[in-house]
Amino acid sequence: MDLHELGTILRHVSRTHRKLSWVYYRECGFSTGQPPILRYLHENDGCIQSDLSRFFHLEPATITSNLTNMERDGLVERRPNPTDRRVWRVFLTEKGQQAYEKLQKNDEIIARQCFEGFSEDEEALAKEILLRLQSNMRQVLDGSTNTNSRESQGGKKESC
């Protein structure tokens, strides 16, 4: 199997998983951007907005817009940082915590459906491979892998 075929399969799996997830998320009333932010805040409650921008590789204005909508819906609360008034900290509200719990239950249902018929060993292998893929992609996005120095098989630098 060549890398082009693997890349195509990865894109199709990613797209199909996203579509399946949104079948459940829409039923719970989630809007675009909310599920990943709820997950992040569950693990990093009280983080600053720039942490969200960095983690998701999104512009600060995009995060601000999502947080404004989530604050309007009562899912998050922004509070000024006591030591630096230019910085806002973001916290899940009780309603946000309940929304996270619904999200987690849906994620478990989706995972069960995706891994139907897999043995425990196959699930463990899939997890290992997916985590390695994610790590590789994050390194490129974070700039810790120099994509400009990669050369194609013919010795020429890859370009568009």
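## Helix H3 and its surroundings

Leaving aside neighbours within four places in sequence, Ser53 is in contact with Leu58, Glu59, Pro60 and Ile63. Ser53 sits in helix H3, and with a relative accessible area of 9% the residue counts as buried. Please keep in mind that this is a predicted model. With Ser53 as the starting point, let us look around.

### The chain as a whole

The protein chain has six helices and three strands. Read from the N terminus, its elements follow the order α-α-β-α-α-β-β-α-α. The chain has 160 residues, of which 22% count as buried. Among contacts with a separation of 6 or more, 47% are between residues 24 or more positions apart.

### Helix H3 and its buried face

Which residues of H3 are buried? They are Gln49, Leu52 and Ser53. Viewed down the axis of H3, these buried residues fall within an arc of 100°, so they line one face of the helix. Their packing partners come from several elements: H2, strand S1 (47-48), H4, strand S2 (76-81) and strand S3 (84-92).

### H3 against H4

One of those partners, H4, deserves a closer look. Helix H3 covers residues 49-56 and helix H4 covers residues 60-72; the two pack at an angle of about 115°, and their axes are 9 Å apart. The contact is made by Gln49, Leu52, Ser53 and Phe56 on the H3 side, and by Pro60, Ile63, Thr64 and Leu67 on the H4 side. Sorted by class, this contact has five nonpolar residues, three polar ones and no charged ones. As for handedness, H3 passes H4 in a right-handed crossing.

Two of the H4 residues here, Pro60 and Ile63, also belong to the contacts of Ser53 described at the start. Ser53 itself is part of the H3 side of the contact.

### The loop residue His57

Between H3 and H4 there is a loop, and His57 lies in it. Just after H3, His57 takes a positive phi of about 55°, although the residue is not a glycine. Is His57 buried, partly exposed or exposed? With a relative accessible area of 33%, His57 is partly exposed.

### Ile37 as a link from H2

Turning to H2, we find Ile37 in this helix. Ile37 is buried, its relative accessible area being 2%. If neighbours within four places in sequence are set aside, Ile37 is in contact with Phe56, Asn66, Leu67 and Met70. Two of these names are already familiar: Phe56 of H3 and Leu67 of H4 both take part in the contact of the two helices. How far apart are Ile37 and Leu67 in sequence and in space? They are 30 residues apart in sequence, and 8.6 Å apart in space from C-alpha to C-alpha.

### Salt bridges

The count of salt bridges comes to six. Three of them are set out below, with the distance given between N and O atoms.

| Acidic residue | Basic residue | N to O distance |
|---|---|---|
| Asp107 | Arg39 | 2.9 Å |
| Glu77 | Arg79 | 3.3 Å |
| Asp84 | Arg86 | 3.0 Å |

The salt bridge of Asp107 with Arg39 links distant parts of the chain: Asp107 is in helix H5 (residues 94-114) and Arg39 in helix H2 (residues 34-43), 68 residues apart. How accessible are these two partners? Asp107 is partly exposed at 24% relative accessibility, and Arg39 is partly exposed at 31%.

In the salt bridge between Glu77 and Arg79, Glu77 has a relative accessible area of 34% and is partly exposed. Its partner Arg79 is partly exposed as well, at 35% relative accessibility.

For the salt bridge that Asp84 forms with Arg86, the accessibility of the arginine can be stated: Arg86 is exposed, with a relative accessible area of 72%. Because exposed means over 50%, the value of 72% puts Arg86 in that class.

### Putting it together

The picture that forms around H3 has a buried face made of Gln49, Leu52 and Ser53, and H4 is among the elements that these residues pack against. On from H3, the loop with His57 lies between this helix and H4. From H2, Ile37 is in contact with residues including Phe56 and Leu67, while Arg39 of H2 pairs with Asp107 of H5.

Technical notes
Residues are numbered from 1 along each chain as its sequence is written. This is a predicted model: local features need pLDDT of at least 70, side-chain atom pairs count only at pLDDT 80 or more; totals for chains, interfaces and linings use all residues. Side-chain values use heavy atoms; hydrogens and water are left out. Axes are lines fitted to C-alpha atoms, for helices over the stretch in contact, and angles run from 0 to 180 degrees between N-to-C directions. Helices (H or I, at least four residues) and strands (E, at least two) are DSSP runs, numbered from the N terminus. A crossing is left-handed if the near helix is turned anticlockwise from the far one by less than a right angle, and right-handed if clockwise. Contact means heavy atoms within 4.5 Å. Ala, Val, Leu, Ile, Met, Phe, Trp, Tyr, Cys and Pro count as nonpolar, Asp, Glu, Lys and Arg as charged, and the others, Gly among them, as polar. A salt bridge is a side-chain nitrogen of Lys or Arg within 4 Å of a carboxyl oxygen of Asp or Glu. Buried means under 20% relative accessible area, exposed over 50%, partly exposed in between (1.4 Å probe, protein chains only). The arc is that of the directions from the helix axis to the C-beta atoms.
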